[in-house]
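Several terms used for a protein model rest on stated criteria. The exchange below asks how such terms are justified.

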Amino acid sequence: MKQRDDWHLTDVLDYEHGRGDPFAAAVRATRMPMVITDPAQDDNPIVFCNVAFQELTGYAREEIIGRNCRFLQGPDTDPDAVARVRRAIDQGHDIDVDLLNYRKDGSRFWNALYMSPVRDKDGIIRFFFASQLDVTERVEAHNIINQQKELVEQEVERRTADLRAALEAKTILLHEVDHRVKNNLTMIGSLLRLQVRTIEDPAIMAKLDSMLERVDALAVVHRQLYQSSDITKFDIGAFAESLTLDVVGASGRADIQTEIDAGPLFVNPAHASALGLILNEILTNAIKHGFANGRSGTLRLLVSDDDERGVIRICDDGPGLICQKRTKSIGMSLVTRLARQASAEAVWSDGAPGTCVTITFPYNGTPK
Amino acid sequence: MTDAMKVLIVEDEMLLAMDIEAIIEDSGHQVLGEAASLEEVERLPDSLDPQLAFVDLHLANGSNGLDVCKLIQQRWPDALVVFVTANVAQIPEDFVGAHGVIAKPFSHAGVVNAIHYLAQGVFDPPPHSLRPASLIPSPHLELRWAVM
């Protein structure tokens with residue numbers, strides 16, 4: 001016999017209703033509070049209650065029998081829940097609901113009510129059978145959890161608002177500082193340029209011009225850094241290309257061609273300024289010495305990488321190293337010292353014709 | 001250099017205005033006038049007729065370059081307008097009709113090359129030089145010069 005057919009067992013047990021009925025005895029003795037009501041009588045009164053129900057509610061049997069179940073309700077019982085019970089009775093279906101009920105002594109308890117109609121063989125409802133369970137602890141624990149959850153949520157909300165405000169303040173500050181850096185760099189360049197115009201001595205003017213080019217190179221580094229979407233890396237490849245075009249263009253030398261083979265190559269932004277200044281020295285040097293005395297030619301830029309290091313080669317097709325005066329300029333010393341700072345290395349070689357400078361440095365990779 | 005471009009500078013930082021003016025004149029072009037605010041642009045005569053205007057976004061007396069750009073397009077519809085600003089992100093996607101932007105801090109070379117490129121675009125469009133990295137064109141200018 002299948003499990004779901006178990007209830008048919010009662011059909012074969014032929015006991016008369018009354019004290020000897022084992023099912024009635026079980027209902028009377030179970031720890032589960034139970035009542036039976038009779039909808040045929042006026043106001044659907046309770047016609048049976050067990051001992052567990054009396055113990056739960058604190059009422060004696062004679063105070064219970066003959067009354068409608070609503071005598072357990074009190075001022076804080078949820079009217080909506082009560083309405084649902086009433087609707088279930090009217091429509092003749094079962095219902096499972098938590099109700100706030102009151103004992104005889106006025107104390108409250110949460111009652112997990114399960115009520116179902118009992119029909120005869122013609123389908124007419126003869127009784128309602130209701131079981132109760134005191135779930136006060138469960139409901140209260142649930143309420144406490146809800147209250148605490150609400151408190152935690154309020155606290156999280158408050159802290160989030162604090163953090164958001166702090167972040168906003170920092171963002172505004174960062175924006176302001178960034179703006180000042182940009183403006184000051186622009187003004188420094190403009191101030192130097194305005195000064196250069198008033199100088200007559202060509203030697204001093206040349207030195208100031210070199211200074212200006214360095215400030216401009218720093219400005220280009222900063223501009224590329226703040227316009228980049230990722231501030232954790234600096235594209236030295238794009239920088240080298242734009243600086244090469246800038247320097248050649250600014251020289252006003254339409255007779256110098258450029259050959260550029262440069263893709264993206266990322267370096268640590270902490271080294272961006274140092275590498276930027278190194279490239280500037282080498283490029284301006286190439287224009288001054290490689291294409292001196294109006295000699296036309298081609299300036300080549302190659303950006304690549306071997307397995308471990310980024311490589312930038314800048315080559316002119318000028319007279320080569322032998323013909324260049326290696327003066328003790330600040331430019332050379334800048335390249336040497338800045339290279340050390342950026343863990344880079346600059347090597348001059350005779351390209352025959354021309355001079356090549358190869359700069360190698362640590363890099364963070366190329367976009368795949 | 002073929003012809004001299006007539007240029008208007010709208011910049012409230014006098015140092016930068018002086019610097020840009022000198023760079024323009026060194027490049028063989030002519031600075032028609034300078035203005036530091038929207039009101040000063042309003043007071044310029046109609047006959048000015050610039051071919052190029054460099055316009056800062058942040059201007060004196062609480063005015064801004066976006067409004068100046070609209071005014072310039074009303075008064076001198078043929079002028080190219082190029083913003084010169086540290087706040088590139090504040091420029092709307094359509095550039096309010098302007099033609100490009102040079103980001104601050106600018107380099108001397110960057111401005112010189114941009115002027116050279118723009119002059120080619122003014123007198124003999126489209127420019128035959130490679131566009132310098134310092135000049136970011138607006139989408140409509142890029143399109144205009146690409147289809148020529």
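The questions that follow concern a predicted model.

Q: What makes chain B a confidently predicted part of the model?
A: On the predictor's confidence scale, which runs from 0 to 100, chain B has a mean pLDDT of 92. In chain B, 98% of the residues reach 70 or more. For the model, the scores are ipTM 0.79 and pTM 0.63.

Q: Why are strands β4 and β5 of chain B said to pair?
A: Pairing requires at least two bridges found by DSSP. Strand β4 (residues 80-85) and β5(B) share four bridges in the parallel sense, so the criterion is met. In one of these strands, β5(B), B:Ile102 is the bridge partner of B:Val84.

Q: How do you know that β5(B) also pairs with β6(B)?
A: Three bridges join β5(B) to β6(B) (residues 135-137), and at least two are needed, so the two strands pair. They run antiparallel, with B:Val101 opposite B:Ile136.

Q: Which residues of β5(B) point one way, and which the other?
A: B:Gly100 and B:Ile102 point one way, B:Val101 and B:Ala103 the other way, and all are buried. In a regular strand, side chains alternate between the two faces of the sheet.

Q: Why is helix α8 of chain A described as largely enclosed?
A: A residue is buried if 20 or more other C-beta atoms lie within 10 Å of its own. Because 14 of the 15 residues of α8(A) are buried, the helix is largely enclosed by the rest of the structure.

Q: What span is expected of α8(A), and what does the helix reach?
A: At 1.5 Å a residue, 21 Å is expected, and α8(A) (residues 236-250) reaches 20 Å from its first C-alpha to its last, which is close. Just after the helix, A:Gly252 takes a positive phi of about 70°.

Definitions and conventions
Residues are numbered from 1 along each chain as its sequence is written. Chains are lettered from A and ligands numbered from 1 in the order in which they are written. This is a predicted model: local features need pLDDT of at least 70, side-chain atom pairs count only at pLDDT 80 or more; totals for chains, interfaces and linings use all residues. A residue is buried if 20 or more other C-beta atoms lie within 10 Å of its own, exposed if 12 or fewer, and partly exposed in between; C-beta atoms are placed from the backbone. The expected span of a helix is 1.5 Å times one less than its number of residues.
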